[in-house]
Amino acid sequence: MANLIIETENLTKKFGEFTAVDAITFNVSEGEIFGFLGANGAGKTTAMKMLCGLLLPTSGKASVAGYDVYFQSEKIKLNIGYMSQKFSLFADLTVWENIEFYAGIYKMPPALIKSHGAKLLQELELEKQKKRLIGTLPLGIRQKLAFSIAIIHEPRLVFLDEPTGGVDPITRRRFWEMIYEASSRGITVFVTTHYMDEAEYCDRISMMVDGSIQGLDTPANLKTQFQSKTMYDVFLKLARK
Amino acid sequence: MKHLRIFVWKEFLHIWRDKKTLMIIILLPIIEVLLFGYVLTSEINNVNLGVRDLDNSTWSHQLILKFQSSNYFKIISLYTAPEVEHALQSNQVKAVLEIKPDAEKRLQSGESGIIQLLLDASDPNIARTIETYINSITYSYLQKGATQSSQIDIIPVMYYNPELKSVFKSVPGLMAVVLMLICAMMTSVSLAREKETGSMDVLLISPLKPWHIVIGKIIPYIVISFVNILMITGLSYFVFDVPIRGSIILFFLFSALFVVCALSFGLFISTVVKTQQIAMMISLAGLMLPTTLLSGLIYPIRNMPGWLQRLSGIFPARWFVEILCHIMLKDSPIHYYLKPAGIILLITLILLIMSTKRFKLRYD
């Protein structure tokens, strides 16, 4: 069995009386593409923030990349990348300035920033756009660039919060190719999405309903378990319960 | 430290790319100093003064000559009562001086009411100023003619601002307003922008520590504030002769204290709001307006009702203006303004403590 990169046990977060995340227990193996699904308000973002070291859990255990979320969040931060749909790069900075900034805050040495950055631009065929402001680039390119930048420091694990929202199907397809490519290099991918076709691309999926995990398995097994033809039906069956 | 440098560089790029805001930050102080220096002045110059001389004697001619030679007034001769009324109504003159017949003789016999002054008081401030000027010229003329015996001679000496230039008082007030605007509004808006666009999450998930973000946000505005301080004092020194009579070091030291205080206001605002627009609204309505009106920049604080005077005490600008007046105009010893400095320090500490508490609450 591969090494576990995320381990949680009865992880819970309460905001006052409201329980946003209710005793979730799951593991993610190194190199896995782990889909984190659920309706809006099901507690996905809260759970993710706890794993990123942004929110302190109310109770339960969790470790990310071998570090405890209660006491070692600084160590966790060095080993993860993060990208969300809501924010993709600073619009008033150029492509290269964004690369320099992110690589810089992840403590990459200048020589490495240069070589990694150049490689990244080459892969995305953006060498000529190096000095363009991000705000002038199409959303699809911005999202792909944001993903590449989120893993420029070669983290062991990357969190993607609805990374493909508002992007056309071709770009989404290309985006997932990039995810596979990162996964093949050994980077674990933790992704939330609302697109059920994307759910099929994941190695394993967790379905969150009202703060707790109602289903957790490979897409194929989940479809059998809930006697559905598609992930879409699985989602509807669970979310409507 | 390297972290901080990278973050500060990013902030400078944000400011540099936003050319419109940059223009406002740079031009605003210049325009304000020029406006306040030239426009908001209570001095008068070449005011049209109507004179109806019913006496028409050597005595009255000499009085009129005194007015003419003062440079404050341009004399316009009027002859009939309707002419006087028309001149006032049509704004041709701001005031009319009427000298009654046989003025000198009646004056010597102790009669009063030999000179009448009609003022256009539709602008009360100007009317009052003109009255003061005319009174002083008339009295000095009457003094000469009167017997020296029982007169009490009061010779006013204007300390600190002998020419009574209002710009002397405006510059400290302007510094307060401009620094408050740049520090509080710009920092709160720029922090709120990170929250609004979602980049704050990215920054907090990164190995950056919260204090990197806060300090990194503040440093560019401290730099800009000092550029502004230099611009305001330089401009007012070279164009309006506003001096800094006290210690330059103390001047910058206390300006720095006020800058830090204004920044803590910005920081605090950013912890309570979620969007740039609300951050701007709060800084404008909640800070700029009271700073402008209650700092003594335009209206003297001692003329305000008691409760408003006490209210003005919670705005650091009022105390900063007091300190600046001491340093720039009076060159007072430091213990004269330790109290206002202490109050600014206290306000700063309270704001910083409240901000850190709120910051922790949100991101713990």
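Strand β10 of chain A, which covers residues 204–209, pairs with β11(A) in the antiparallel sense over 5 bridges, in what is a predicted model. Within this pairing, A:Ile205 stands opposite A:Asp217 of β11(A), while A:Met208 has A:Ile213 of β11(A) opposite it. The two strands β10(A) and β11(A) form a hairpin with 2 residues between them, and in the turn A:Asp210 has a positive phi of about 45°.

This hairpin belongs to an open sheet of 6 strands in chain A, whose order is β7-β8-β9-β4-β10-β11 and whose pairing is mixed. At the edges stand β7 (80–84) and β11 (212–217) of chain A, each of which pairs on one side only. From one strand to the next, the twist in this sheet averages 15°.

Helices of chain A lie against these strands. Helix α1 of chain A, residues 44–52, lies across β4 (33–38), β7, β8 (157–161), β9 (188–192) and β10 of chain A, and it runs at about 155° to β8(A). Helix α5 of chain A, residues 139–150, also packs on the sheet, where it touches β7 and β8 of chain A, and its direction makes about 165° with that of β7(A).

Turning to chain B, the domain assignment gives domain 1, made of 11–40 + 165–363, and domain 2, made of 47–145. The C-alpha centres of domain 1 and domain 2 of chain B lie 47 Å apart.

Chain B has an open sheet of 4 strands in the order β2-β1-β3-β4, with mixed pairing. Its edges are β2 (73–77) and β4 (115–119) of chain B, and because each has a single partner strand, one side of each is left without a neighbour in the sheet. The twist here averages 25° from one strand to the next. The partner of the edge strand β4(B) is strand β3 of chain B, residues 95–99, and the two pair in the antiparallel sense over 5 bridges; among the residues involved, B:Ile99 has B:Ile115 of β4(B) as its bridge partner.

How do two helices of chain B, α2 and α9, pass each other? Helix α2 of chain B (residues 19–38) and helix α9 of chain B (residues 210–240) have axes that come within 10 Å and cross at roughly 30°. An angle under 35 degrees counts as roughly parallel, and α2(B) is therefore roughly parallel to α9(B). The crossing of α2(B) past α9(B) is right-handed. On the side of α2(B), the contact is made by B:Ile25, B:Pro29, B:Ile30, B:Val33 and B:Gly37, and on the side of α9(B) by B:Ile224, B:Asn228, B:Met231, B:Ile232, B:Leu235, B:Ser236, B:Val239 and B:Phe240. By residue class, this contact of α2(B) with α9(B) divides into 10 nonpolar, 3 polar and no charged residues.

There remains the contact between the two chains, which takes 19 residues from chain B and 19 residues from chain A. On the side of chain B that touches chain A, α1 (2–17) and α8 (199–205) of chain B each supply at least two residues, and α1(B) gives the most, with 6 residues. The residues on that side of chain B divide into 8 nonpolar, 6 polar and 5 charged, whereas the helix contact of α2(B) with α9(B) includes no charged residues.

Conventions:
Residues numbered from 1 in each chain as written. Chains lettered and ligands numbered in written order. Predicted model: local features only at pLDDT ≥ 70, side-chain atom pairs only at ≥ 80, totals over all residues. Contact = placed C-beta atoms within 7 Å. Nonpolar A, V, L, I, M, F, W, Y, C, P; charged D, E, K, R; others polar. Domains from an automatic or database assignment. Pairing = 2+ DSSP bridges. Axes fitted to C-alpha atoms, helices over the stretch in contact; angles between N-to-C directions. Parallel < 35°, antiparallel > 145°, perpendicular 65-115°, else oblique. Left-handed = near helix turned anticlockwise from the far one by under 90°.
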